[in-house]
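Open the model in your viewer and keep the selection tool handy. We will go from stop to stop, and at each one you will hear what to pick and what is there.

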Amino acid sequence: MDALFSDFADAQREGNGNKLAQTISPAHSDEKLRAIWKSCNAHSVKDVLKHHIHNSSSGKNRLPQEEVKGWVEVFFCYWKAIDDILAVQDSATNGKASHSSWTTVYESWKDLLSALHRGYLSNGFEAWTIPCLYVAGKHLRVFAIKADRERNSNASFDSAAAANFEDDFNPESEQNQKLEDCARQLNRVFNLCLSDRAPIDESRKWGIYYVINLLFKTYFKLNSATLSKNVLKALSAGKGDMPPLIAFPKSQQVTFNYYEGVLHFLEENYVEAERHLTEAWNLCHKGAMANKELILTYLIPCHLLTTHTLPSQKLLEPYPRLQRLFAPLAQCIKKGELHAFDLALQDGEDEFVKRRIYLTLERGRDIALRNLLRKVFIAGGFEEAKEEGAKPVRRSRVSIAEFAAAISLGSQETIDNDEVECLLANMIYKNLMKGYISRERGMVVLSKNGAFPGTGV
Amino acid sequence: MASTQNKSDSKSEAKQQPEQQQPTEQKKAAALEEDDEFEDFPVDDWAAEETEAAADKTAQHLWEESWDDDDTSDDFSAQLKEELKKVESSKKR
């Protein structure tokens, strides 16, 4: 306890928010937590805390009475939460039943977050202390997930029975009960930061992106990513007096850009998605491989649709999983192997769907087709020169039968000419090919300059 | 070189598919259970030199600039040419 409050005193004197936040972190060694817990008992704890916190400051830096009261509450909740955490851990190691579970830990940690919340609203906690909110919020989410998992694994034994009896049983929301509650708590913290009217230097607005990122993570895990949109709306409404995103630490910028990018991606707004994901990619710490892999998972499909660029070998090299996901598709697109593309898409279907990129990748088929048609065009060679020394001109009339043969080459299934015409008309409509179809002659007349836009031919 | 190699790989994979379906499916299910959440960074902030953009000055080369494949020497192109010749000759007949 003495060590804890000497850190607390240092942090208060220096105005060091991160150091202060460490004093209420549950992520300490078991011995340290146990030492804090042992240093007082349930009867004496409040008096002990009051004494320590009161003595942690002196002179002109002395904490106002109200603030002391607020911190006593916070540390009281912290002490109780440690009590629960240790009890859960003990019962896990020695197998004995205990009064505590991750659900009780979640509840007592929620009390701590509420005590902090009150501290800001009524006890005059200053804005530099907001890292405390980060630590409290971050672990609330961790405990919520643990509580849900614990309850679900206990419940799975009799879930069959429950399903028989309860008609209105909603497994989805039941499963994530604590995490959903956690999202509500985090939303309160979001509003606590957003609504601060203090001048920007001493505003809780500096906590906004950290909290938003926590909310995004929570909503994504709850499979209700769309709720994140409300957060973005509230954010942009208050944007006027908000510091710009680039004024925040890079960890927060990257995370925020990633989630905003993915949100745009899910709405098929690929240009915006690419912008945010590229920003996240550029700012990301070069050593954060797992995060870089996640960014690329969405950035690669974006590139395919917006700029029609494929990832190079060099880009995929460090990520075996991405290589497995994208290399076969990229190869097929490039070569125009339509049938192989379909097979590759089918092959990865489960994982593509899980990552919500299936529909986007499916659109890559157009490009594979375009590349196949272009190969037919190239294979057609050149017209016989009309006059000596004239620049060779590519044969620009290609019969539909040739395209049909190319399309059915991979699958060996015959495709009738109407269907081919339909595919060709689509290509022309999408501006992937230039020319017109002459039905009576069964020919496609391609544009003499740039039959396949975006290329030299 | 590399491209032809890959191609033959994907071909052999396609051939083996029927026998292999069972195990790959199981493997996939296991992989899907991993949680892939955006991780907390170990540090809060870092210098511009530590960013991905700085680490890779040649960022453009990460994307293939053109999606045109002018390599007409691979198996698939050869196959395609054969096929087109057939179409041609059937027309002349």
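Begin with chain A and chain B shown in two colours: across their interface, 15 residue pairs are in polar contact, with both partners at pLDDT 80 or more. That cut-off matters here, as this is a predicted model.

Next, select residues 364-379 of chain A. This is helix H21, which gives the most to the side of chain A that touches chain B, with nine residues. Now colour that whole side of chain A by residue type: you should find 26 nonpolar, 19 polar and 21 charged residues.

How many residues of each chain are in contact? Chain A brings 66 residues and chain B brings 50. Together the two chains bury about 5600 Å² between them, and 56% of it is on carbon and sulfur atoms.

Stay at the interface for its salt bridges, of which there are five between chain A and chain B. To see a salt bridge, pick Glu52(B) and Lys292(A), whose closest N and O atoms are 2.6 Å apart.

Then switch to the backbone and select residues 310-311 of chain A with residues 63-64 of chain B. These are strand E1 of chain A and strand E1 of chain B, paired in the antiparallel sense over two bridges. Look for Pro311(A), which stands opposite Trp63(B).

Now move into chain A and select residues 435-438 and 443-446. Here strands E3 and E4 of chain A run antiparallel, joined by four bridges. Ser438(A) stands opposite Met443(A) in E4(A). The two strands form a hairpin with four residues between them, and Gly442(A) in the turn has a positive phi of about 65 degrees.

For aromatic rings there is plenty to browse: the structure holds 27 aromatic pairs over all chains. Show the side chains of Tyr258(A) and Tyr298(A): their ring centres are 6.3 Å apart and their planes are at 65 degrees, so the pair is edge-to-face. Zoom out a little and you will see Tyr258(A) in helix H13 and Tyr298(A) in helix H15 of chain A, so the pair ties together parts 40 residues apart in sequence.

Where does the tour end? At a salt bridge within chain A, between Lys178(A) and Glu107(A), with the closest N and O atoms 3.1 Å apart. Lys178(A) lies in helix H10 (residues 177-194) and Glu107(A) in helix H6 (residues 102-122), so select both helices to view a link between distant parts of the chain, 71 residues apart. If you want to keep exploring, the whole structure has 29 salt bridges over all chains.

Technical notes:
Residues are numbered from 1 along each chain as its sequence is written. Chains are lettered from A and ligands numbered from 1 in the order in which they are written. This is a predicted model: local features need pLDDT of at least 70, side-chain atom pairs count only at pLDDT 80 or more; totals for chains, interfaces and linings use all residues. Side-chain values use heavy atoms; hydrogens and water are left out. Contact means heavy atoms within 4.5 Å. Buried area is the accessible area (1.4 Å probe) that two parts lose on being put together, summed over both. A salt bridge is a side-chain nitrogen of Lys or Arg within 4 Å of a carboxyl oxygen of Asp or Glu. A polar contact is a pair of N or O atoms within 3.5 Å; within protein, one must be able to donate a hydrogen and the other to accept it, and residues adjacent in sequence count only if both atoms are side-chain atoms. Ala, Val, Leu, Ile, Met, Phe, Trp, Tyr, Cys and Pro count as nonpolar, Asp, Glu, Lys and Arg as charged, and the others, Gly among them, as polar. Two strands pair if DSSP finds at least two bridges between them. Rings of Phe, Tyr and Trp (its six-membered ring) pair if their centres lie within 6.5 Å; planes under 30 degrees apart count as stacked, over 60 as edge-to-face and the rest as tilted.
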